[in-house]
Amino acid sequence: MTGNHRNSGITRRRAIAVTGGTVTAGGLAVTGYQSAFADTTEATATASATSTGACMTLMSSVTEGPYYLDGALVRKDITEGKSGVPLTLRLTVVDAIDGCTPVKGAAVEIWHCDAWGYYSGYTTANPGGSAPAESEDGSTANDNTYLRGYQIANANGVVKFETIFPGWYIPRTCHIHVKVHTGGEKEDGTYEGGTVNYTGQLFFDDTIAGEIFALEPYSRHSGSYTTLDDDMVYDGGGASSGLLTLKAVHKADPSKGYKGSLSLAIDPDAENTGAGSGGGGTPPSGAPSGEPPSGAPSESASPSASASS
């Protein structure tokens, strides 16, 4: 079973790129920590790709899964006090049809589960295995908003998030959901309008995930963890399928956190919401109905709820 699909539509710009033979694989794949976290190096790499006409393949679009909620807040830090191994996430949005030029102003939205496999808005959904109730984590997090947020891409197409390493739930591997929006605007602390150009998921190396899950609080969730090879969504395509480049903050101590990076090569003329596509991995019980829960963020969501730039 797989949730992977590619957008079947072909835009005018994509047709030009394909017939002109200018889109090639791997031209701007993430090459390591230095290029991923240094703005100047990144800008140089982007300029080089643009001048040569080379670019990476389009990202693989997949299902948005069963836990999406509208109205996430525009903010850098999405943790809201949730405990876990720190994760600094840096994503670069580039136009795969136009020589990997940065997509300035793109809104990148992410959401993921906490250390025990619970999503905000759906905290009664059983993550499988044996895990404490979400309410036992002792945090002050808002159960309808934690570990969800938007950031707006700068002139280099870059966004940054401060979050925690996600946990897991049966039958899925460890992952972060992501959408890229263009054409909308920030309003009332959230992002309104525009088009969803890309829906995908970000994935983690199995060895690193295993080290993290042996630590508190992750270790309090026991059961059968799904590896990348056995996941129903990840297709083994590496960076173009969402596999993050990870760098430990302290090599000898994984509890100090990680920095994750990836370039998201999208078609800004395409639309792909991910709604209704295959896969997703609903937990074994307490599955969500698809309707936002009472008290979930709305169009009038206040930026005061842990929102930050």
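## A walk through the rings and the core

Start by selecting Phe-165, Trp-168, Phe-204, Phe-213, Tyr-218, Tyr-225 and Tyr-258: ring pairs join these residues into a cluster. Keep in mind that you're looking at a predicted model. Across the model, the count of aromatic pairs comes to 13.

Stay with the cluster and zoom in on Phe-165 and Phe-204. Their rings make a tilted pair, 4.5 Å centre to centre with 45° between the planes. Phe-165 sits in the loop between β7 and β8, while Phe-204 is in the loop between β11 and α4, so the pair ties together parts that are 39 residues apart in sequence. Both Phe-165 and Phe-204 are buried.

Next, pick Tyr-67 and Tyr-169. This pair is edge-to-face, with 5.8 Å from centre to centre and 85° between the planes. Tyr-67 belongs to the loop between β2 (61-62) and β3, and Tyr-169 to the loop between β7 and β8, so here the pair ties together parts that are 102 residues apart in sequence. Tyr-67 and Tyr-169 are buried too.

Now for the nonpolar interior. The largest nonpolar core has 42 residues, and those touching the most other members are Leu-91, Val-108, Ile-110, Phe-165, Leu-202 and Leu-264. You've already met Phe-165 in the ring cluster. To see where this core comes from, colour the elements that give two or more residues to it: β3 (86-95), β5 (107-111), β7 (158-164), β8 (175-182), β11 (195-203), α4 (206-213), β12 (245-248) and β13 (258-266).

Centre the view on Leu-91 and show its contacts. Leaving out residues up to four places away in sequence, Leu-91 touches Val-108, Ile-110, Gly-157, Val-158, Val-159, Leu-202, Leu-244, Leu-262 and Leu-264. Apart from this core lies another one, of 14 residues; among them are Leu-69, Ala-107, Trp-111 and Tyr-169. That last residue is the Tyr-169 that pairs with Tyr-67.

Two lysines are worth a stop. Select Lys-82 with Tyr-146: the charged end of Lys-82 sits over the ring of Tyr-146, 4.2 Å from its centre. Then try Lys-179 with Tyr-68, where the lysine lies over the face of the tyrosine at 5.1 Å from the ring centre.

Finally, zoom out to the whole chain. There are 4 helices and 13 strands, and 50% of the 309 residues count as buried. Among contacts with a separation of 6 or more, 82% are between residues 24 or more positions apart. Switch on the surface to finish: the accessible area is about 12,500 Å², and carbon and sulfur atoms account for 49% of it.

Note on methods: Residues numbered from 1 in each chain as written. Predicted model: local features only at pLDDT ≥ 70, side-chain atom pairs only at ≥ 80, totals over all residues. Heavy atoms only, no water. Buried < 20%, exposed > 50% of the residue type's maximum accessible area, 1.4 Å probe, protein only. Contact = heavy atoms within 4.5 Å. Areas by Shrake-Rupley, 256 points an atom, 1.4 Å probe, with all protein chains shown as cover. Core = buried A, V, L, I, M, F, W, Y, C linked by side-chain atoms within 4.5 Å. Phe/Tyr/Trp six-rings, centres within 6.5 Å; stacked < 30°, edge-to-face > 60°. Lys NZ or Arg CZ within 6 Å of the ring centre and 35° of its normal.
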